[in-house]
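Here are my notes on the model, set out point by point. Please keep the coordinates open while you read.

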Amino acid sequence: MSLMSRGMAWAAERGETACGVTVTYTRVSQTPVSLTVVIGDSRSIAIREGQSQPNVRIEFSDRDYLITYDALNAVGFDPPQIGDRITETINGETVIYEVRKQGSEPAWRWSDPERTTYRVHCKRV
């Protein structure tokens, strides 16, 4: 393993423990599991609809999760699949995100050249 690869593996390991959050990962017809993941990227948009309905809003939220191959493989959910759900508690509220494609991007991609970590694209449901 190159020095760069070892450094990236070390950083990923430390990031998972230092910056990680515990979530519940669920796949249809299988028992949910607890995982430690790192939040990659989050985007939220809220739009108020017209003057005739000032309280109506269109809202969506996207979130990427960084999940190690080893963690997901150990619980039998490797690779991520469209429709998998990640439940996270954010400021005391239970929030559910679903693994989905984002535009022309697939539902997940490798986050590093060594293919040790998935970047999983999700949308709040």
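1. **Arg63 and Glu88.** The side chains of Arg63 and Glu88 form a salt bridge, with N and O 3.1 Å apart. This is a predicted model. Arg63 sits in strand β3 and Glu88 in strand β4 (residues 85-90), so the bridge ties together parts that are 25 residues apart in sequence. Both Arg63 and Glu88 are buried.

2. **Arg119 and Asp64.** Strand β3 takes part in another salt bridge, through Asp64. The partner of Asp64 is Arg119, and the closest N and O atoms are 3.3 Å apart. Arg119 belongs to strand β7, so this pair joins parts that are 55 residues apart in sequence. Arg119 is buried, and Asp64 is buried too.

3. **Glu93 and Arg124.** Glu93 and Arg124 make a salt bridge as well, with 2.9 Å between the closest N and O atoms. Glu93 lies in strand β5 and Arg124 in strand β7, so parts 31 residues apart in sequence are tied together. Are these two side chains buried or partly exposed? Glu93 has a relative accessibility of 41%, so Glu93 counts as partly exposed. Arg124 has 35%, so Arg124 also counts as partly exposed.

4. **Salt bridges overall.** How many salt bridges does a search of the whole structure find? The search finds eight. Some of them share partners: Arg85, Glu98 and Arg100 are joined into one network in this way.

5. **Tyr65 and Tyr97.** The structure holds six aromatic pairs. One of them is Tyr65 with Tyr97, an edge-to-face pair with 6.0 Å between centres and 70° between planes. The pair links distant parts of the chain: Tyr65 is in strand β3 (residues 57-68), Tyr97 is in strand β5 (residues 93-99), and they are 32 residues apart. Why does Tyr65 count as buried? Its relative accessibility is 0%, and buried means under 20%. Tyr97 is at 3%, so Tyr97 counts as buried too.

6. **Tyr69 and Tyr118.** This aromatic pair is tilted, with 6.4 Å centre to centre and 45° between the planes. Tyr69 is in helix α2 (residues 69-74) and Tyr118 in strand β7 (residues 117-124). The two are 49 residues apart, and the pair links distant parts of the chain. Tyr69 is partly exposed, at 28% relative accessible area. Tyr118 is buried, at 1%. Ring pairs also bring in tryptophan: Tyr69, Trp108, Trp110 and Tyr118 are linked into a cluster.

7. **The nonpolar core.** The largest nonpolar core has 18 residues. Which of them touch the most other members? They are Tyr25, Leu35, Tyr65, Ile67, Leu72, Ile86 and Cys122. At least two core residues come from each of β1 (21-26), β2 (33-48), β3, α2, β5 and β7. Tyr65 thus appears both here and in the edge-to-face pair with Tyr97.

8. **Around Tyr25.** What does Tyr25 contact, leaving aside neighbours within four places in sequence? Its partners include Leu35, Ile67, Leu72 and Ile86, and these four are also on the list of core residues that touch the most other members. Other contacts of Tyr25 include Pro32, Val33, Phe77, Pro80 and Val99. Polar and charged partners are among them too: Gln81, Asp84 and Arg85. Arg85 is also part of the salt-bridge network with Glu98 and Arg100.

9. **Phe77.** Where is Phe77 placed? Phe77 is in the loop between α2 and β4. Phe77 is buried, with a relative accessible area of 1%. Leaving aside neighbours within four places in sequence, Phe77 contacts Tyr25, Arg27, Gln30, Thr31, Val33 and Leu72. Phe77 and Val33 are 44 residues apart in sequence, and their C-alpha atoms are 9.5 Å apart.

10. **Whole-chain figures.** The protein has two helices and seven strands. Their order along the sequence is α-β-β-β-α-β-β-β-β. Of the 125 residues, 30% count as buried. Among contacts between residues at least 6 apart in sequence, 52% join residues at least 24 apart. The accessible surface comes to about 7900 Å², and carbon and sulfur atoms account for 51% of that surface.

Key:
Residues numbered from 1 in each chain as written. Predicted model: local features only at pLDDT ≥ 70, side-chain atom pairs only at ≥ 80, totals over all residues. Heavy atoms only, no water. Phe/Tyr/Trp six-rings, centres within 6.5 Å; stacked < 30°, edge-to-face > 60°. Helix = DSSP H or I, 4+ residues; strand = E, 2+ residues; numbered from the N terminus. Buried < 20%, exposed > 50% of the residue type's maximum accessible area, 1.4 Å probe, protein only. Salt bridge = Lys/Arg side-chain N within 4 Å of Asp/Glu carboxyl O. Core = buried A, V, L, I, M, F, W, Y, C linked by side-chain atoms within 4.5 Å. Contact = heavy atoms within 4.5 Å. Areas by Shrake-Rupley, 256 points an atom, 1.4 Å probe, with all protein chains shown as cover.
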